[in-house]
Amino acid sequence: MISVAFFNNKGGVGKTTLLCNVAAYLALNHNKRVCVVDADPQCNATQYFFNDEQIDRIYNSAHSFTINNVIEPLSFGEGYSEKIVTKTANRFGLSVIPGDPKLALTEDLLARDWGDAKAGEVRGIRTNLVFSELLSKLRDFDYVFFDVSPSLGALNRAILLSSDYFVSPMSIDIFSLKAFENISKWIDGWSMEWQRGLDNVKDKSRIPRLQHGKATFIGYVTQQYLAKKDATGQRRAVQAYEVIRKKIDSLIDEHNLGKDLVGKGYEIGTVPNLFSLIPMSQSRHTPVFALSASDGVVGAHFAKVRDAKEIFGKVANEIMWRAV
């Protein structure tokens, strides 16, 4: 099983749409067993996967299982959740651990216990390995994707501490460039604190035998730019966007984020503005590339749907190649 977080501390970059469509492509076109963990308290991925009736059942049933059920037992001092339940998103062909707005309340728990973890207290270490424990129960899947919030907080730190890799979706603007600097400094800071905490544990046998460390950066996906085709038929960003895009790689080098990507390049792929296909996909709870006439696709939109399959397919295939 390979775990990948889709992470950028700048919001509004199309992160959730990218994740859900890449995950669906791997499930529907590569027959991979995929689980999406909606770890963003805004629950956008959950709303994308499920219709209003399903959402109502998830949040109004006493027997429903959400991401909050993974962490809540720790707040009561009960240890890790013993049972993990996933829900099927049929049109995406994958499994989901639904998000929960109450997840935002766990930031204080994780932040408080991070102080204990830094001091070598095993209880604090166990709390911050909650997603490692979750992943240990999802071993039957080929891929587990985490949708996370645009923050540099305790929740995302625990997720990146446990994940194998992370991908950064980004819009092509000056603010996304600053995000890479913030991410690099943040990861370097807490990873040193984590190692110091492990070194401070007196009885090393008490450290949970779970995967931990820090997620490896495997590249970025540029999104939402205006594109046109060149003489060879390749999509190219318009000039204003291209100027900014060329700065991205040098910034990654400057902050040493791409040290594990020698010979691969940093850009995983590009997703141009798909305009009306995105809200149509969201309202139909269907991958963009799987939209059909019954979903409201007409005329020239059919060509756009075919283009979307190629676009998301390239990104999915590149992630498969890098995340090994």
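In this predicted model, helix α12, residues 301-322, meets α1 with the two axes coming within 9 Å and crossing at roughly 80 degrees. Two packed helices are described by the angle between their axes and the distance between the axes. Angles of 65 to 115 degrees count as roughly perpendicular, and α1 and α12 are therefore roughly perpendicular to each other.

Which residues of α1 and α12 meet? On the α1 side they are Leu18, Asn21, Val22, Tyr25, Leu26 and Asn29. From α12 come Lys309, Phe312, Gly313, Val315, Ala316, Asn317, Ile319 and Met320. Sorted by class, the contact of α1 with α12 consists of nine nonpolar, four polar and one charged residues.

I turn now to the aromatic residues. The count of aromatic pairs comes to 15. One of these is formed by Phe7 and Phe166, with ring centres 5.9 Å apart and planes at 75 degrees. Planes over 60 degrees apart count as edge-to-face, so the Phe7 and Phe166 pair is edge-to-face. Phe7 belongs to the loop between β1 (2-6) and α1 (15-29), whereas Phe166 belongs to strand β6, residues 165-171. The pair therefore ties together parts that are 159 residues apart in sequence. Both Phe7 and Phe166 are buried.

A further aromatic pair, Trp114 with Trp194, is stacked, at 5.8 Å centre to centre and with 15 degrees between the planes. Trp114 is a residue of helix α5 (residues 106-118) and Trp194 of helix α9 (residues 174-200), so this pair links parts that are 80 residues apart in sequence. Are these two tryptophans buried or exposed? Trp114 has a relative accessible area of 4% and is buried. Trp194 is likewise buried, with a relative accessible area of 4%.

The four residues just named also belong to one aromatic cluster, formed by Phe7, Trp114, Phe166, Phe180, Trp186, Trp190, Trp194, Phe217 and Tyr220.

Where does the charged end of Arg157 sit? The charged end of Arg157 sits over the ring of Trp114, 4.0 Å from the ring centre. Trp114 thus has Arg157 over its ring and is stacked with Trp194. Elsewhere, the charged end of Lys87 sits over the ring of Phe50, at 5.5 Å from its centre.

Next, helix α4, which spans residues 68-75. Its buried residues are Asn68, Val70, Ile71, Pro73 and Leu74. What covers the buried residues of α4? The covering elements include α5, α6 (122-128), α7 and α8 (154-162). Among them, α5 is the helix that holds Trp114. After α4 comes Gly77, with a positive phi near 70 degrees.

Glu72 also has its place in α4. Buried means under 20% relative accessible area and exposed over 50%, so Glu72, at 31% relative accessibility, counts as partly exposed. As for its distance from Ile268, the two residues are 196 apart in sequence, and their C-alpha atoms are 36 Å apart in space.

I close with a second glutamate, Glu133, which lies in helix α7, residues 130-136; α7 is one of the elements covering the buried residues of α4. Glu133 has a relative accessible area of 14% and is buried. Which residues does Glu133 contact, leaving aside its neighbours within four places in sequence? The contacts of Glu133, on that basis, are Tyr80 and Leu210.

How values were computed. Residues are numbered from 1 along each chain as its sequence is written. This is a predicted model: local features need pLDDT of at least 70, side-chain atom pairs count only at pLDDT 80 or more; totals for chains, interfaces and linings use all residues. Side-chain values use heavy atoms; hydrogens and water are left out. Helices (H or I, at least four residues) and strands (E, at least two) are DSSP runs, numbered from the N terminus. Buried means under 20% relative accessible area, exposed over 50%, partly exposed in between (1.4 Å probe, protein chains only). Contact means heavy atoms within 4.5 Å. Rings of Phe, Tyr and Trp (its six-membered ring) pair if their centres lie within 6.5 Å; planes under 30 degrees apart count as stacked, over 60 as edge-to-face and the rest as tilted. A charge sits over a ring if NZ of Lys or CZ of Arg is within 6 Å of the ring centre and within 35 degrees of the ring normal. Axes are lines fitted to C-alpha atoms, for helices over the stretch in contact, and angles run from 0 to 180 degrees between N-to-C directions. Angles under 35 degrees count as roughly parallel, over 145 as roughly antiparallel, 65 to 115 as roughly perpendicular and the rest as oblique. Ala, Val, Leu, Ile, Met, Phe, Trp, Tyr, Cys and Pro count as nonpolar, Asp, Glu, Lys and Arg as charged, and the others, Gly among them, as polar.
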